[in-house]
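Reader: I'd like to learn how to read the contacts in a model like this one. Can you walk me through it?

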Amino acid sequence: MSDLAIRCEGLSKRYRIGTSRESYKTLRDVIAGAVATPFRRSNRNGNSNDGHIWALDDVSFEIKHGELVGIIGRNGAGKSTLLKILSRITKPTRGRADIHGRVGSLLEVGTGFHGELTGRENIFLNGAILGMRKAEIERKFDEIVSFAEVEKFLDTPVKRYSSGMYVRLAFGVAAHLETEVLLVDEVLAVGDAQFQKKCFAKMREIGNQGRTILFVSHNMSAVRNICKQAVIIEKGAVVAQGEINETVDRYLSHLNSSQSNEAVETNTFSISSVQVGSAAGPVIKTFDPVEVRVRFVPKTEIRDPGLYVSFLTLDSRRLTGLDLKDFITTAPLPAGQVAELGFTIESLPLLPGAYQLEIHLKDMARHLVEIIPRTFEFEVAETDVYGGRKLDRWFGNIGLRARALDMSRKSAKAQR
Amino acid sequence: MSTDPIFSSVSSVARIEPPSPWPSIGWRELWEYRELLYFLTWRDIKVRYKQTVLGAIWAVIQPLFMMVVFSLFFGRLAGVPSDGVPYPVFTFCALLPWQLFAHSLAESSNSLVGNQNLITKVYFPRLVVPISAVLGGLIDFAIAFVILLVMMFLYGVVPGWQIVAVPGLVLLAVMTALAVGLWLSALNVQYRDVRHTINFLVQVWLFATPVAYPSSIVPAKWRALYALNPMVGVVDGFRWALLGKPESPGLPLLVSVIVVCMLLTGGLYYFRRLEQQFADIV
């Protein structure tokens with residue numbers, strides 16, 4: 001057996017867009033299309049103008065057995081198309097792929113679940129649809145049920161289930177699919193925190209069994225938490241493949257570099273740049289050491305320079321601020337020369353997300369405060385802060401270095 | 001080799017390639033997915049009468065009702081001959097394979113569109129879908145068949161040794177439905193016009209089949225054309241096997257088998273060819 005699990009060579013997929021993108025055709029459309037074609041031939045060589053789009057264009061990569069690979073990319077980059085081709089749901093237009101071993105794909109939680117059937121019945125139906133043998137499902141049945149925590153509702157039709165129970169049961173079946181290669185598409189974006197954690201643990205467990213996982217997700221924290229490698233897809237092509245953290249960082253910093261920080265003028269200052277950067281890597285992560293540098297040219301001499309930097313959310317809620325005068329007294333700055341002021345922050349306690357900096361430059365000798373008329377956005381990269389799950393707005397913006405009190409251990413001691 | 005799923009097929013390599021103009025039928029893979037076939041059939045049967053008051057009785061009501069209507073209008077009012085058998089038994093005996101065929105045809109033709117959530121989200125041999133739709137009709141048939149036996153008993157009709165032919169005739173009816181269903185289900189994915197033609201097609205087909213009348217009233221010069229309808233052979237065969245009609249429908253039956261084999265082979269290849277695009281166009 002070769003140690004390659006997946007090998008793609010020049011995979012390409014072309015979709016028709018425009019009129020024929022309607023979900024289905026009627027005979028009338030075909031007749032109308034036949035009439036229109038003679039006039040359409042002229043622009044056949046155009047790549048996207050002829051009503052087609054290459055969702056995947058010449059994708060090649062290799063994945064070894066036992067690797068946990070995250071597929072990352074923007075919406076519409078071709079991730080899902082790639083997964084559909086590897087799952088054999090759709091065929092490539094060009095190129096080929098070899099997959100060694102049995103393939104299981106989870107493109108959706110609960111594919112084929114039927115509301116009228118009971119939990120028990122759906123376990124068998126869904127299992128069979130995912131490609132499990134009846135004997136295999138029977139063997140795993142108890143495990144699936146206890147994983148999904150639906151023991152009491154096994155004989156209730158799933159249409160009466162809460163959405164949480166439904167998802168748990170569906171993931172429970174899928175998680176017990178024992179194929180050598182598992183293709184997973186963002187199904188983890190559902191369920192409550194505890195269940196998400198359970199799903200991550202299960203995915204890692206699957207990875208530790210030496211099976212191969214391809215995981216497509218927008219949730220970078222989940223990808224970092226589960227995967228060891230990443231493949232970045234952009235506009236239908238693979239642009240990078242490598243170690244997970246390095247590759248995700250590269251991807252995120254690339255996303256951010258599109259924001260321009262052009263010069264801003266105020267009455268007294270000409271700001272050339274405001275930089276926020278992590279000393280630890282190309283992207284800023286929660287609890288990273290971070291530097292904020294403001295470069296500017298004073299138009300007149302500043303005798304007692306001051307700098308105030310405030311961290312805001314995107315909706316301009318003030319989170320915290322730093323005033324330079326609380327730290328040092330700065331020497332006067334001559335007019336017309338580039339100056340740089342700033343802070344280093346030992347550990348930035350911001351949770352993943354986008355933030356903005358508000359900056360005030362001052363000359364305290366003249367009681368002059370100038371608020372820079374724009375803010376500067378920066379992003380804290382999605383990382384695994386509290387165990388890899390996506391942190392929503394309920395978590396606010398501040399990250400805390402925390403541990404749980406382990407009461408259970410204490411009480412166990414007390415009982416003895 | 002054990003059935004341990006992890007190691008059972010490690011050496012297998014799935015090759016993913018662009019659509020092929022002449023794909024194979026993939027019997028082996030179909031066989032590997034026989035359990036899915038079973039579960040999908042089971043699901044259809046299980047769900048069909050959920051949340052109905054009468055449940056499986058519906059399987060009997062439909063043909064019985066048709067029998068009453070036919071007996072009244074064709075048997076009584078129009079005086080259609082019935083080969084010496086009481087008209088209700090005569091027509092009910094034909095209605096059973098007919099209903100099996102009509103139901104299976106409609107179900108299989110709509111099966112791919114009805115299961116598009118599966119087709120766009122998970123891989124399995126697509127042939128499983130129309131085949132399971134066809135098989136689902138057999139349970140209804142079995143229930144109604146019991147009623148037929150009761151009726152035959154009440155009317156004093158005793159079947160001869162020919163009754164052993166019934167399973168073969170049922171198979172032929174199912175295969176006819178599948179053969180046509182394969183074509184229509186694949187076409188239906190691309191052209192939803194098909195959905196609207198199915199009811200119409202089934203109605204016309206009913207009159208082209210000797211359900212309400214004996215095939216003996218068809219003029220001799222049209223017989224050859226008439227026999228091209230595989231359901232003629234099936235229905236005549238049913239009457240021969242159960243009602244003890246003297247002459248065996250050997251020739252029409254042979255024609256039926258040949259026609260169905262041709263339709264089925266063509267349907268399988270057509271289906272497999274279109275199947276490669278189902279997920280993109282459904």
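Author: Sure, and here's the basic rule: two residues are in contact if their C-beta atoms, placed from the backbone, lie within 7 Å. This is a predicted model, where local features need pLDDT of at least 70 and side-chain atom pairs count only at pLDDT 80 or more, while totals for chains, interfaces and linings use all residues. Residues are numbered from 1 along each chain as its sequence is written, and chains are lettered from A and ligands numbered from 1 in the order in which they are written.

Reader: How many residues does the contact take from chain A and from chain B?

Author: Chain A puts in 44 residues and chain B 36.

Reader: Which element of chain A gives the most to the side that touches chain B?

Author: Elements here are DSSP runs numbered from the N terminus: helices (H or I, at least four residues) and strands (E, at least two). Strand 4 of chain A gives the most, with six residues; helix 3 (119–129) and helix 4 (134–148) are among the other elements giving two or more.

Reader: What does strand 4 of chain A pair with in chain B?

Author: Strands pair if DSSP finds at least two bridges between them. Strand 4 of chain A has four bridges to strand 1 (residues 13–16) of chain B, and the two run antiparallel. One bridge partner of A:Ala97 there is B:Ile16.

Reader: And which domains is chain A divided into?

Author: Domain bounds come from an automatic or database domain assignment. Chain A has domain 1 (4–12 + 62–254) and domain 2 (264–395), with C-alpha centres 41 Å apart. Their contact takes 14 residues from domain 1 and 13 from domain 2.
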